[in-house]
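Good morning, and thank you for coming. Please take a moment with the sequence and the structure, and then I shall take you through the open spaces and the helices beside them.

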Amino acid sequence: MSPDGDFRVERSSKLGNGHRSFSRSVSAKLAVIELQQFSVAIVEWTAVEGAAAALEKFALPWVIMDRSPPVATGIVGWFQRKQYRKAWDIARLQSKGRAVKSEYMASSQIWNTPTAIVPAGVELSEFQMATMNENALVVCHGSLDRSRELHRLASMGLNLLLFGKGDDSQRLSKLTRVEESGDVASRLAGADIGVLHLPNREVWRHASPLKVAEFAAAGLPVVASEVSGLERYRDAEWLTLIPLGDDDACKAAVLALCNLSREERLRLGSLARKEAEDGMSWEHCAASLHEMLLGVKR
């Protein structure tokens, strides 16, 4: 179920009505779907309130999927965290398992049923190796919302490209080159260094960044904030980990890569691509989820 999939659901853009309208839409759509044809459901946490009653009525087992805890601040963040806690309270009573994106997230919650750790993965065939430029281009993509504090990265004076969507786009465009969302693979193939600079907030420690997997698939050396999902790559030569929110460390690490020769960046990029091929495909990353679903299906 998605805003543009086979089973379409709606979400109001009116402030304060998004979650409520989405929950109602999910509930209404499930009421007309022939749920008997399914063996198990995966329910993103935002859809739990709308889905739980219908799934229970049809005795369809389900697991909660949590790819992104709330990251918004202020009153919006307060409401999202309230909805988040409610979804997990329902899941503890009714779901048959959980799928989370990192070991850190799994260990930070009370849970008594099966768990699958599903780190970020990529479809490797969609990415081509970056050819690298003489003047290194640094790239960062995804959400351009204020909660990500990308103005700090944009103010570092780097040869930087940001692309994506978000409520901070206009301010960021005054600081660096900003483009709208587009073909991720082709844009990364024209870059040299991937950077993921996250704010120093506890919620980001849960992360298993899809962006880093995409950078690696495109053969880019990477500078990234130190989060749970990147722990297994700590000693990788292609990856430089920096403390969350540390602007000085971020700039220094990026400039160190920029100052490398094109040939050296190509070498590091090849190591990144090899790492992606060995452990970042969705077939690899979703293996534990597949096993859990086989165990809880009706």
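Before I describe any lining, one convention is needed: Ala, Val, Leu, Ile, Met, Phe, Trp, Tyr, Cys and Pro count as nonpolar, Asp, Glu, Lys and Arg as charged, and the others, Gly among them, as polar. Please also keep in mind that this is a predicted model.

With that convention, the lining of the largest pocket has 17 nonpolar, 16 polar and 15 charged residues. The volume of this pocket is about 1,600 Å³. It is lined by 48 residues, and those closest to its centre are Pro70, Val71, Ala72, Gln80 and Asp145. Two or more lining residues come from each of α1, α3 (74-94), β5 (138-143) and α8. Which element gives the largest share of this lining? That is α3, with seven residues.

Let us turn to the second largest pocket, which holds about 450 Å³ of space. Of the 21 residues that line it, Met1, Leu30, Ala41, Ile42 and Val43 are the closest to its centre. Here α1, β1 (41-44) and α2 (48-57) are the elements that give two or more residues. The most comes from β1, with four residues. How do the lining residues of the second largest pocket divide by class? There are 18 nonpolar residues, two polar and one charged.

Helix α1 has appeared in both descriptions, as a contributor to the largest pocket and to the second largest pocket. One of its residues, Ser23, can serve as an example; the helix itself runs over residues 18-32. Is Ser23 buried or exposed? Its relative accessible area is 11%, so Ser23 is buried, the cut-off for that word being under 20%. Beyond its neighbours up to four places away in sequence, Ser23 touches Thr46, Glu49 and Gly50.

I come now to enclosed space. A search of the whole structure finds one cavity of 30 Å³ or more. About 70 Å³ of space lies in this largest cavity. Its lining consists of Pro119, Ala120, Ser208, Pro209, Val212, Ala213, Gly229, Leu230, Arg232, Tyr233 and Met280. By class, eight of these are nonpolar, two are polar and one is charged.

Two of the cavity's lining residues, Val212 and Ala213, are also among the buried residues of helix α8. How much of α8 is buried? Seven of its eight residues are, and the helix is mostly covered. The buried residues are Lys211, Val212, Ala213, Glu214, Phe215, Ala216 and Ala217. Their cover includes β5, α7 (184-189), β8, β9 (222-225) and α10. After α8 comes Gly219, whose phi is positive, near 75 degrees.

Helix α10 deserves a closer look. Its 18 residues, 262-279, should span 26 Å at 1.5 Å a residue, and the end C-alpha atoms are 26 Å apart, which agrees. Which residues of α10 are buried? They are Arg265, Leu268, Gly269, Ala272, Arg273, Ala276 and Gly279. Because these residues cover an arc of only 155 degrees around the axis, they lie on the same side of α10. What covers them includes β8 (193-196), α8 (210-217), α9 (247-258) and α11 (282-285).

Within α10, let us single out Arg273. This residue is buried, with a relative accessible area of 14%. Apart from residues up to four places away in sequence, Arg273 touches Leu124, Phe127, Met129, Ala216, Ala217 and Gly219. Two of those partners, Ala216 and Ala217, belong to the buried residues of α8, and Gly219 is the residue with positive phi that follows that helix.

Finally, I would draw your attention to Ala136, in the loop between β4 (115-117) and β5. Ala136 is buried, with a relative accessible area of 5%. Leaving aside neighbours within four places in sequence, its contacts are Asn159, Asp192, Ile193, Cys258 and Arg265. Arg265 has already been named, as one of the buried residues of α10. How far apart in space are Ala136 and Ser261? Although 125 residues separate the pair in sequence, the distance between them is 9.2 Å, C-alpha to C-alpha.

That brings me to the end of this presentation. Thank you for your attention.

Key. Residues are numbered from 1 along each chain as its sequence is written. This is a predicted model: local features need pLDDT of at least 70, side-chain atom pairs count only at pLDDT 80 or more; totals for chains, interfaces and linings use all residues. Side-chain values use heavy atoms; hydrogens and water are left out. On a 1 Å grid over the protein atoms alone, a cavity is a set of points where a 1.4 Å probe fits but cannot get out, and a pocket is an open set with protein on both sides within 12 Å along at least five of seven lines; lining residues have an atom within 4 Å of a point. Grid points are joined across faces, edges and corners, and a volume is the space filled by probe spheres set on the points. The expected span of a helix is 1.5 Å times one less than its number of residues. Buried means under 20% relative accessible area, exposed over 50%, partly exposed in between (1.4 Å probe, protein chains only). The arc is that of the directions from the helix axis to the C-beta atoms. Contact means heavy atoms within 4.5 Å.
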